[in-house]
Amino acid sequence: MKRIALITSGGDAPGMNACVRSITKYCLNKGIVPVGYFDGYQGMMENRFQELGFTDVDNIIHRGGTVLGTARCEEFRTVDGRKRAIINLKENKIEALICIGGDGTFLGANILSKEMNIPVIGIPGTIDNDISGTDHTIGYDTALNTVIDAVDKIRDTAGSHHRVFFVEVMGRNAGFIALNSAIASGAESVLIPEEHTDILAVANDLKEQNKGRRSSIVIVAEGDDGGGAREIMNKVSPHMKEYTLRYSILGHIQRGGSPSAFDRMLATRMGAFSVEQLLEGKSNCMIGARGDDLVILPIDAAVKIQAVPDLSKLKMLHNLRTMG
Ligand code: ATP
């Protein structure tokens, strides 16, 4: 194998650069030319690429975002869009493809692989951790730490003013960030898309837990069925007239920042492993992390199954409530 293409695609995630670095260096050490396409499938369609050398990936392991850029590319969802990409890949003598991104990226890679008959490997890179088949996705640990840091700060001000704070975190379809940040930040309550939100029950529970306390924190996943943090706060408000309620939407700070040690290691290991797997003849697979091990799984399995956080953690949180 002489030329492997790589992209970062979908939402950016801290650690993507560490992965690009690892793939690049591993390829070069094996005599393979790594070809980075810019802005995910968009750059593939527009033939914007660079053959990567060692110096291109110097000093990027610690940087958030992605040096290759990323995009959400609607045209790639069409046969004509993918045809443009295939012509470019063939002209460029690309023999295999590594895609770092979320489940949408994997879907695109899987279709492209079948239409072009080219091996592809997907590496899970998304802050949401919502890919089945892997315990961790690249960027999730960093995002979680960013959320915890923000909630710690909100707790300081909430406690000073006797406030109940609704903090909205990312997670349109999955509650991984919300549930695990709630555990790690000691939040009083958490609302996630996987569980129906009963507004009255939320209000009653907060009143119970708030007795004798200076603050309460409720973590709200943006995709919760009761709404975002602001909406939930407004709905709860008539039932908690005697309390001061506030909300905060953490937004895009959750995507940025230098990757954690965990994400750097995960990304580096997954990058090197993906090239190794291609050289062993694997195709249409994704890399996963199970415990301390890296595993390789059919990409189909990852895109068909919705990843769900461990809901027994909700029960545990319930048993850690502060009773008045
Ligand atoms: P994140 O989890 O961070 O949102 P993602 O990879 O799931 O990342 P998407 O925007 O869903 O992000 O997908 C990335 C890109 O993959 C899309 O912009 C599109 O170009 C391509 N893609 C997604 N779904 C398909 C599909 N069904 N067919 C072809 N291409 C697709």
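The following conversation goes through the terms applied to this predicted model and the values behind them.

Mentor: In this predicted model, local features need pLDDT of at least 70 and side-chain atom pairs count only at pLDDT 80 or more, while totals for chains, interfaces and linings use all residues. Residues are numbered from 1 along each chain as its sequence is written, and side-chain values use heavy atoms, with hydrogens and water left out.

Trainee: Why is Leu294 called buried?

Mentor: Buried means under 20% relative accessible area, exposed over 50%, and partly exposed in between, with a 1.4 Å probe and protein chains only. Leu294 has a relative accessibility of 17%, so Leu294 counts as buried. The residue lies in strand β11 (residues 293-298), where strands (E, at least two residues) and helices (H or I, at least four) are DSSP runs numbered from the N terminus.

Trainee: What does Leu294 touch, not counting residues up to four places away in sequence?

Mentor: Contact means heavy atoms within 4.5 Å, and on that basis Leu294 touches Arg269, Met270, Phe273, Gly288 and Ala289.

Trainee: What makes Asp135 partly exposed?

Mentor: The relative accessible area of Asp135 is 37%, which falls between the two limits, and Asp135 is therefore partly exposed. Asp135 sits in the loop between β5 (120-124) and α5, and its C-alpha atom is separated by 5.6 Å from that of Arg290, although the two are 155 residues apart along the chain. Leaving aside neighbours within four places in sequence, Asp135 is in contact with Asn129, Ala289, Arg290 and Gly291.

Trainee: Is Ser113 buried or exposed, and in which helix is it found?

Mentor: Ser113 has a relative accessible area of 5%, so Ser113 is buried, and its place is in helix α4 (residues 103-116).

Trainee: Why does the largest nonpolar core lie between domain 1 and domain 2?

Mentor: A nonpolar core is a set of buried Ala, Val, Leu, Ile, Met, Phe, Trp, Tyr and Cys residues joined through side-chain atoms within 4.5 Å. The largest such core has 60 residues, of which Ile23, Ile123, Ile177, Val190 and Ile219 touch the most other members, and helix α5 (residues 140-160) supplies the largest share, nine residues. Domain 1 (3-139 + 259-304) and domain 2 (141-255) both give residues to this core, so it lies between them; the domain bounds come from an automatic or database domain assignment. The C-alpha centres of the two domains lie 34 Å apart, and their contact takes 13 residues from domain 1 and eleven residues from domain 2.

Trainee: What makes α5 oblique to α6?

Mentor: Axes are lines fitted to C-alpha atoms, for helices over the stretch in contact, and angles run from 0 to 180 degrees between N-to-C directions. Angles under 35 degrees count as roughly parallel, over 145 as roughly antiparallel, 65 to 115 as roughly perpendicular and the rest as oblique. The axes of α5 and helix α6 (residues 176-185) come within 9 Å and cross at roughly 50°, and that makes α5 oblique to α6.

Trainee: How do you know that α7 is roughly perpendicular to α8?

Mentor: The axes of helix α7 (residues 199-210) and helix α8 (residues 229-236) come within 9 Å and cross at roughly 75°, so that α7 is roughly perpendicular to α8. Their contact is made by Ile199, Val202 and Ala203 of α7, together with Ile232, Lys235 and Val236 of α8.
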